[in-house]
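Student: Please give a close account of one part of this structure, the surroundings of the ligand. I should then like to see the rest of the fold treated in the same answer.

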Amino acid sequence: MDNSPVVAQADASSPNDTQENALLVGTAVSSDSPKKVRVGSDNDRQMMQRCLELARRALGRTSPNPLVGAVIVKDGEIVGEGFHPRAGEPHAEVFALRAAGNRAHGATIYVSLEPCNHYGRTPPCSEALIDAGVAKVVVGMVDPNPLVAGGGIDRLRRAGIEVLVGVEEAACHQLNEAFVHRILYKRPMGILKYAMTLDGKIATSFGHSAWVTSQEARSEVHQLRLSCDAVIVGGNTVRQDNPHLTSHQPGGHNPLRVVMSRRLNLPENARLWQTAEAPTLVLTEVGANPNFQDLLRKLGVEVVELPLLTPDQAMTYLYKRGFCSVLWECGGTLAASAIAQGAVQKVLAFIAPKIIGGSNAPTPVGDLGFTTMTEALSLERVRWRVIGVDCLVEGYLRQKSQ
Ligand SMILES: NC(=O)c1ccc[n+]([C@@H]2O[C@H](COP(=O)([O-])OP(=O)(O)OC[C@H]3O[C@@H](n4cnc5c(N)ncnc54)[C@H](OP(=O)(O)O)[C@@H]3O)[C@@H](O)[C@H]2O)c1
Ligand SMILES: [Zn+2]
């Protein structure tokens, strides 16, 4: 991982080839664009965008920690940059301070998340910034944990350091939406992704589904996997599609591939059992098909037996493993169950301009038990984008209060 000390000219506007760029492909239309609140100068916002660009270099690798980037500016020049590469490693501010050395004295540091103020695996960054003698701290967003929110900022202010909070706040929040969800709800954020034809089918009546969408849309899905901690399918999808579920990027992060199967009557030679490329976890129920469990373990597949296999229990288990984001790439049966149990917060629906027909062809979401249209689950903050010839509808399910 490249987290080496950097001294660079301010080039915040330079494009990066990470997910954000892929997300900009196509035409975006939003149903509710909130008013943009502008905090800080143009230069402040540019520097914060640079922090986000740095933070994204660790996409998919930092859970249960957030993605954070930091930039130190002295006399108009960037003298140090850093990002948090993974849990257990130093925080972004520490890398930036190391790169800046004594040029941090009297400098301004930009950091996309409030500096920490507690002794965890590393000493608090607030103390490190005070010790380094920085003059000003510009913060993207306050720590989402209500128990510690504002603590780092208060500590810095009490030490006489000027602190500006909320620069590019919406973008900082967006980058760490899954982390924020994890902190607030003690569950990973669930993202349901599916690809369907214009007539609402995710496969033919014979179960064939390769491919519903174009190459461009599938590349977008590979990018999405790059940013997620786990991707889940059910037993039928393994039996019928034999998917890879990797990010298809040489050297890129792959999510943990998770199969939920109660019966465990799965093929012996599925692609998901090839664990050299990416790890696989099979979640099943206690006592299911012990011979097949042995075979999987010999192949390097992790098998975990839960007393009851449900989307809710799967999410509880994945939370305990430290995950922030879980991508549901299952068929309609499991998707309906995941939605009903509150395991889905965000929906990404790819719609291909083709018609396959078939009265029994599977659809993205199975039975939710609703009888009238008034019961429909409405998405919020909806965006539509055109990707290649396909359309992507993206939005959030309303979070049930807990
Ligand atoms: N176009 C797309 O985006 C897309 C994506 C995925 C799948 N598909 C298509 O969807 C079809 C499969 O649909 P599916 O709905 O059967 O999907 P699935 O993803 O295989 O989910 C159903 C399976 O999940 C397992 N499961 C474990 N716990 C469960 C629970 N609590 N509730 C429900 N299921 C649980 C069961 O496996 P066991 O039977 O092994 O116990 C069940 O058969 C295939 O034709 C596939 O091609 C399309
Ligand atoms: Zn810190």
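Tutor: Helices and strands are here DSSP runs, of at least four residues for a helix (H or I) and at least two for a strand (E), and they are numbered from the N terminus. The model is a predicted one. In these terms, W211 belongs to the loop between β7 and α8, the latter spanning 215–226. The peptide bond that joins A210 to W211 is cis, with omega about 0°. W211 also appears in the UniProt record, an unreviewed entry, under the feature "binding site", together with A195, T237, D241, G331, G332, T333, L334, A335, A336 and S337. These positions span 143 residues of sequence, and in space they are also spread, with up to 24.5 Å between C-alpha atoms.

The shell around ligand 1 may be set beside that annotation. It comprises 28 residues, of which G234, G235, N236, G331 and T333 come nearest. Two or more residues each are given to this shell by strands β7 (189–197) and β8 (230–234) and by helices α9 (235–241) and α12 (332–340). Helix α9 supplies the largest share, five residues. By class, the shell divides into 13 polar, eleven nonpolar and four charged residues. Two of the nearest residues, G331 and T333, are also among the positions that UniProt lists as "binding site".

Two of the annotated positions lie in the helices just named and repay a closer look. D241 is part of helix α9. Beyond its neighbours within four places in sequence, D241 is in contact with S209 and A210; A210 is one partner of the cis bond to W211. Is D241 buried, exposed or partly exposed? A residue needs 20 or more other C-beta atoms within 10 Å of its own to be buried and 12 or fewer to be exposed; D241 has 19, and therefore it is partly exposed.

A336 lies in helix α12. Because 20 other C-beta atoms are found within 10 Å, A336 is buried. Once residues up to four places away in sequence are set aside, the contacts of A336 are V365, G366, D367 and L368.

Beyond helix α12, the loop that leads to β13 (346–352) holds Q341. Q341 has 15 C-beta neighbours inside 10 Å, so this residue counts as partly exposed. Its contacts, again without residues up to four places away in sequence, are T310, P311 and D312. The C-alpha atom of Q341 is 22 Å from that of L264, a residue 77 places away along the chain.

The chain elsewhere contains an open sheet of five strands with mixed pairing, in the order β3-β2-β4-β5-β6. Its edges are β3 (77–83) and β6 (162–165), each of which pairs on one side only. On average, and with direction ignored, neighbouring strands in this sheet are turned by 15° against each other. Within the sheet, β4 (residues 108–113) pairs with β5 (residues 136–141) in the parallel sense, over five bridges. In this pairing V111 stands opposite V139 of β5. Helix α2, residues 42–55, packs on the sheet and touches β2 (69–74), β3, β4 and β5; the direction of α2 makes about 140° with that of β2. Helix α3, residues 92–100, likewise packs on the sheet, with contacts to β2, β3 and β4, and its direction makes about 140° with that of β3.

Several loops carry backbone features that a computational chemist may wish to inspect. In the loop between α2 and β2 one finds P64, and the peptide bond from S63 to P64 is cis, with omega near 5°. D75 lies in the loop between β2 and β3. Its phi is near 50°, a positive value in a residue other than glycine. D75 has 8 other C-beta atoms within 10 Å, and it is therefore exposed. K186, in the loop between α7 (177–185) and β7, is another residue other than glycine with a positive phi, near 55°. K186 is also exposed, because 12 other C-beta atoms lie within 10 Å. Strand β7, which follows that loop, leads back to the starting point, as β7 is one of the elements that give two or more residues to the shell around ligand 1.

Methods
Residues numbered from 1 in each chain as written. Chains lettered and ligands numbered in written order. Predicted model: local features only at pLDDT ≥ 70, side-chain atom pairs only at ≥ 80, totals over all residues. Pairing = 2+ DSSP bridges. Axes fitted to C-alpha atoms, helices over the stretch in contact; angles between N-to-C directions. Contact = placed C-beta atoms within 7 Å. Near = placed C-beta within 6 Å. Nonpolar A, V, L, I, M, F, W, Y, C, P; charged D, E, K, R; others polar. UniProt positions renumbered as here; feature names shortened; annotations may be inferred.
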